[in-house]
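Visitor: Please show me the model, and I will ask how its labels are justified.

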Number of protein chains: 2
Amino acid sequence: MSEPLYKMVYRRVIERIAEGTYPPGAMLPNEFDLAADLGVSQGTARKALSALEDKAIVQRRQGKGTFVVLRTPENSLFHFFRLRTFDGVQVTPEPAKETVIKRKASQNERETLCDHPTHVFEITRVRSFKGQPFCMEQSVVPVELFPGLMERTPLKNALYVMFQQAYSCIVISAEENLHAAIADAELADFMGIEKGIAVLVSERVTRDLLDRTVEMRKGVYVTNELTYFVEMN
Amino acid sequence: MSEPLYKMVYRRVIERIAEGTYPPGAMLPNEFDLAADLGVSQGTARKALSALEDKAIVQRRQGKGTFVVLRTPENSLFHFFRLRTFDGVQVTPEPAKETVIKRKASQNERETLCDHPTHVFEITRVRSFKGQPFCMEQSVVPVELFPGLMERTPLKNALYVMFQQAYSCIVISAEENLHAAIADAELADFMGIEKGIAVLVSERVTRDLLDRTVEMRKGVYVTNELTYFVEMN
DNA sequence: TATAAGTATTCTTATATAAGTTTTAGTGAG
DNA sequence: CTCACTAAAACTTATATAAGAATACTTATA
């Protein structure tokens, strides 16, 4: 057999979400209707929907329905912001400084980001926790994907929520590379932290529903009061 | 309905793996036999087996069968050792120094580790990559769970492989907390690295098939040539 | 050695029934 | 008439079963 039916259903539902037929937060057709629409049985549609739920693309609740995942500040933070207190409590950072510029893409950015953009927006933010700056994040995104981004400043706290609401760009997954470094004078001055302390540096690549690389992000975290949490299975 | 049948099957298969009825690497009964054995239909047994596969407890291959997961040095490294080169290539560290001692458990260890042990083994290792020491790991495990561990020195490179082979303890998941630090004189001297450089420090809690906490591990990594890789979904 | 048939396994699909939610209709009290 | 409560119906996903297809390996045979 070439491709199982349930994978066809899976693909077609993703297409419909991506093209806006099923917008974020919306309820999908029920299993029977979706099955009839695509010419398969309910169980087959169901298998595809379960797979979509596993990938956190839809959310299902018995008796209620199936809904396109909606990025909220809470679940965005939970999924993509890994810093916790020592007690394991999620941190809700306050945004502080923010600058957005438009500039030419570096060669690496042009090669990595989707559609090989010539120009990018660079969003730089310093965030605080309990009044202390602890985090600097620099996001780079293609200009073509987020037109008019600069007019939206100041941007919302949770960037990915805004991506979804304003640009129908649904962030699904990310990869990070971490290493330890020492804050040099420039960084320390910029962030308002002490020079010479150890910081955690992360380089992130972010992907959306269609598996496009929509963001490259560099993060610098002060980890004397917070820790970066990782689960392994 | 109190508990779905497939969850009962799921639990009973885990029990059988834990008690050695299905040892690591062994083939499970096929879907029909398992179903008949437990008084359910093939599809229900299948659903349980799929769930076990999702949790990486068994491995399935069409036409061949279902097998209890076997920890090999390769997949152990892949799952639980997150350091990569900048090219994304998995690192295979060479073990260097190793010391194993038996000592009293700290209060934190007694509270965290399974069965609240009074004594623990502490395994300390310094590992090298391309001749340079880059990693210090200190594992703490309950004495009761791993009797005779000290007589097995020098221990294998991959600790979790040995846990499974010698003690039927199947490591399934782990959580890590990361932070950045600066190598002090004592650490630098012990590891054979330069004093004052930035290091990545991890504190890990490791769980087995029965969700017991079988290990606490502290790791110190030099990340100027390697990075710690994280995936987010 | 190559090829084909046979056997054992998981995978896919379909159908029926159960269980959880919400809406609607009905009923009685005030 | 209106409100509050209840019962029933409708609409949803979840579970269970069964039959046939696809895949992997073994064995027989030319």
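Guide: This is a predicted model.

Visitor: What makes B:Lys64 and a phosphate oxygen of DNA strand D a polar contact?

Guide: A polar side-chain atom of B:Lys64 lies 3.0 Å from a phosphate oxygen of strand D. The cut-off for a pair of N or O atoms is 3.5 Å, so the pair counts as a polar contact.

Visitor: Why is the pair of A:Glu31 and DNA strand D called a polar contact?

Guide: Here a polar backbone atom of A:Glu31 is 2.9 Å from a phosphate oxygen of DNA strand D. That is within 3.5 Å, so the term applies. For B:Tyr6, a polar backbone atom is 3.3 Å from a phosphate oxygen of DNA strand D, and the limit of 3.5 Å therefore admits this pair as well.

Visitor: Which part of DNA strand D supplies the atoms within 4 Å of the protein?

Guide: Sugar or phosphate accounts for 79% of them, and bases for the rest. On the protein side, H3(B) gives the most to the surface near DNA strand D, with four residues.

Visitor: How do you know that E7(A) and strand E10 of chain B pair?

Guide: Five bridges join E7(A) to E10(B), and the strands run antiparallel. Pairing needs at least two bridges, so these strands pair. A:Asn177 stands opposite B:Phe229 in E10(B).

Visitor: How many salt bridges and polar contacts are there between chain A and chain B?

Guide: The count is zero salt bridges, while 12 residue pairs are in polar contact, both residues at pLDDT 80 or more. E7(A) gives the largest share of the side of chain A that touches chain B, 11 residues.

Definitions and conventions. Residues are numbered from 1 along each chain as its sequence is written. Chains are lettered from A and ligands numbered from 1 in the order in which they are written. This is a predicted model: local features need pLDDT of at least 70, side-chain atom pairs count only at pLDDT 80 or more; totals for chains, interfaces and linings use all residues. Side-chain values use heavy atoms; hydrogens and water are left out. A residue is near a molecule or strand if one of its heavy atoms lies within 4 Å of it. A polar contact is a pair of N or O atoms within 3.5 Å; within protein, one must be able to donate a hydrogen and the other to accept it, and residues adjacent in sequence count only if both atoms are side-chain atoms. A salt bridge is a side-chain nitrogen of Lys or Arg within 4 Å of a carboxyl oxygen of Asp or Glu.
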